[in-house]
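Work through the exercises below with the coordinates open. Each task is followed by a solution in steps.

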Amino acid sequence: MPCYAVLLFDGFSNFVLSSLIEPLRAVHDHGYPELSWCIVTPDDVPVRSSSGLRVVPDLPLAELGAPDTLLVVAGYGFRDHSTARVASLLRRVSRRGTRLIGADCGSWLIARAGLLQGQTATLHWSVLADFAETFPEVAVSHQRYVLDGPVWSSGGAASSLDMMLALVGRTFGPAAAFAATSMFLHDAVRKRAGAGTGLGIGSRGSQKLQEAIRVMVEQVETPMPLAELAATIGTSLRSLNRMFKSEIGMGPGRYAQMLRLTRARELATATELPLREIALRCGYSDAAALEKAFSRTYGQPLRRWIGRRPTS
């Protein structure tokens, strides 16, 4: 019976961790009691999530052995975790025949270990461009998850959940997949009925909406005019506006801006790039334009986020 291990780093997302483990728990409870999973940390000490939740490892790394799958989960601070020691650990585990899965920003650490050369991978949408620039030997995918090759990967919480549901179906069969998927059926039906509001980057939505968001993410540095975006996905500008407002609750222009500002905040907190460079990477003409947009949205200048680790 497969054994899964989660390598957890400081700054991980509670939501991502739950999205990875809860499908396994559903399979375990629906006819696979031998299925097991555990949590380990790089230094064998407790780690804290981005919201401050403290998680204690189940066992030391020295006792881990060779699990069937190791899920590498890194969030805020992932660049600091990408050390030679971690790279050596991942290479050692991989040589034992363990499948590696990068979740959230975990693919960055796996790529740094040289285990993604010539392969396709994805990770959290906000760092896809940086990932492509840093690791040109990796084919970057804008898909929600990648289940091909020796290393698999996913982005944030919603895409990690979808990846795990696909993994369950592939590993345990359709009955187990239905058991895991049914855990989330009520919320999905309720959202389709209109009870939910606010659709994030990883949420399902209509196919046209997902296509539009994918293009927006790919074009963060050089935002595409909305009329051109509508034509690209095969719809009218009027329909594009109506779709975003009905499915997300905001217009496409506002949503695109939120994507750019979110990426700007990530770059400000996790890199040493000057504000001018961050502005250019996020589709703004200069630092002043970025600061104005950021302050109008968040009530404070972006410069306050420089070197500051977010807590949520």
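The exercises go from the whole chain to two helices, one strand residue and the aromatic side chains.

**Conventions**

This is a predicted model, in which local features need pLDDT of at least 70 and side-chain atom pairs count only at pLDDT 80 or more, while totals for chains, interfaces and linings use all residues. Residues are numbered from 1 along each chain as its sequence is written, and side-chain values use heavy atoms, with hydrogens and water left out.

**Exercise 1. Describe the protein chain as a whole.**

Step 1. Assign helices (DSSP H or I, at least four residues) and strands (E, at least two), numbered from the N terminus. The protein chain has 14 helices and 10 strands.

Step 2. Apply the burial classes: buried is under 20% relative accessible area, exposed over 50%, partly exposed in between, with a 1.4 Å probe and protein chains only. Of the 312 residues, 48% count as buried.

Step 3. Take contacts, meaning heavy atoms within 4.5 Å. Among contacts with a separation of 6 or more, 62% come from residues 24 or more positions apart.

**Exercise 2. Check the length of helix α14 and find which residues are buried and which are exposed.**

Step 1. The expected span is 1.5 Å times one less than the number of residues. For the 12 residues of α14 (residues 287–298) this gives 16 Å, and the end C-alpha atoms are 16 Å apart, so the two agree.

Step 2. Leu290, Glu291, Ala293 and Phe294 are the buried residues of α14. They cover an arc of only 165° around the axis and therefore lie on the same side of α14; the arc is taken from the directions from the helix axis to the C-beta atoms.

Step 3. Ala288, Lys292 and Arg296 are exposed on the other side of α14. The buried residues pack against α12 (252–270) and α13 (275–281).

Step 4. Inspect the ends. At the start of α14, a side-chain oxygen of Asp286 comes to within 3.2 Å of the backbone nitrogen of Ala288. Just after α14, Gly299 has a positive phi of about 75°.

**Exercise 3. Repeat the length and packing analysis for helix α9.**

Step 1. The 12 residues of α9 (residues 207–218) should span 16 Å at 1.5 Å a residue; the end C-alpha atoms are 17 Å apart, which agrees.

Step 2. Buried in α9 are Leu209, Gln210, Ala212, Ile213, Val215, Met216 and Val217. Their packing partners are α5 (128–134), α10 (226–232), α11 (237–247) and α12.

**Exercise 4. Is Ser153 buried or exposed, and what does Ser153 touch?**

Step 1. Ser153 belongs to strand β10 (residues 151–154). Its relative accessibility is 1%, so Ser153 counts as buried.

Step 2. Leaving out residues up to four places away in sequence, Ser153 touches Ile101, Gly102, Ser107, Ala121, Thr122, Tyr145, Val146 and Met163.

Step 3. A polar atom of the Ser153 side chain lies 3.0 Å from the backbone nitrogen of Thr122.

**Exercise 5. Analyse the aromatic side chains.**

Step 1. Pair the rings of Phe, Tyr and Trp (its six-membered ring) if their centres lie within 6.5 Å; planes under 30 degrees apart are stacked, over 60 edge-to-face, the rest tilted. The count is 7 aromatic pairs.

Step 2. Trp108 and Phe135 form an edge-to-face pair, 5.3 Å centre to centre with 80° between the planes. Trp108 lies in helix α4 (residues 106–112) and Phe135 in the loop between α5 and β8 (139–140), so the pair ties together parts 27 residues apart in sequence. Both Trp108 and Phe135 are buried.

Step 3. Ring pairs join Phe78, Trp108, Phe131 and Phe135 into a cluster.

Step 4. Look for charges over rings (NZ of Lys or CZ of Arg within 6 Å of the ring centre and within 35 degrees of the ring normal). The charged end of Arg260 sits over the ring of Tyr284, 4.1 Å from its centre.

Methods:
A polar contact is a pair of N or O atoms within 3.5 Å; within protein, one must be able to donate a hydrogen and the other to accept it, and residues adjacent in sequence count only if both atoms are side-chain atoms.
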